[in-house]
Amino acid sequence: MAGAVEAKLAELGLTLPDVVPPLASYQPAVRSGVYVYTSGQLPMVDGKLAVTGKVGAEVTPDEAKELAKTCALNALAAVKSVAGDLDRIARVVKVVGFVASAADFTGQPGVINGASELLGAVLGDKGVHARSAVGVAVLPLDAPVEVEVQVELVDA
């Protein structure tokens, strides 16, 4: 049965995806005490990247912002896989976003706003977090964006 967080996702017209399988030797998320740390989540949909390339070259900043939103949805799925229920999220503590950037692209914060805004829309005040938005030369599979999330859980 879906809880309040998944009901909010549905209200926003979104569905929690299946957890993206690891591309290498790691887990999508791990729990340590009351914290869940996700691995970097790519904007995978149905097992593939819809868009590849560098932001500011092959990918527009608006497209990349939408992809960051997809990364955040994938991160929520990874959190649920170890927490059992998204309603156990006490707060999102930190978001780190990586943007594969053309050499002259400096709009990384605007791109990662896609993830931050989704978390705020879904979780309200619990979605307010610290954040880094970093430009990088290349990401796995030539993904334009990658996002990792750290959440604190309500102790069960």
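Contact here means heavy atoms within 4.5 Å. The model is predicted: local features need pLDDT of at least 70 and side-chain atom pairs pLDDT 80 or more, while totals for chains, interfaces and linings use all residues. Residues are numbered from 1 along each chain as its sequence is written, and side-chain values use heavy atoms, without hydrogens and water.

**Exercise 1.** State the strand order of the sheet and find its edge strands.

Solution. Strands (E, at least two residues) and helices (H or I, at least four) are DSSP runs numbered from the N terminus. Two strands pair if DSSP finds at least two bridges between them. The 5 strands run β1-β2-β7-β5-β6 in an open sheet with mixed pairing. β1 (29-32) and β6 (130-136) are the edges, each pairing on one side only. From one strand to the next, the twist averages 15°.

**Exercise 2.** Describe the pairing of β1 with β2.

Solution. β2 covers residues 35-38 and joins β1 through 4 bridges in the antiparallel sense. One bridge sets V30 against Y37 of β2.

**Exercise 3.** Place helices α2 and α3 on the strands.

Solution. Angles run from 0 to 180 degrees between N-to-C directions of axes, lines fitted to C-alpha atoms, for helices over the stretch in contact. α2 (residues 61-83) lies across β1, β2, β5 (89-100) and β7 (145-153), at about 40° to β7. α3 (residues 108-123) lies across β5, β6 and β7, at about 160° to β5.

**Exercise 4.** Compare the span of α2 with its expected value.

Solution. The expected span is 1.5 Å times one less than the number of residues. For the 23 residues of α2 this is 33 Å, and the helix reaches 32 Å from first C-alpha to last, close to that value. Just after α2, G84 has a positive phi of about 90°.
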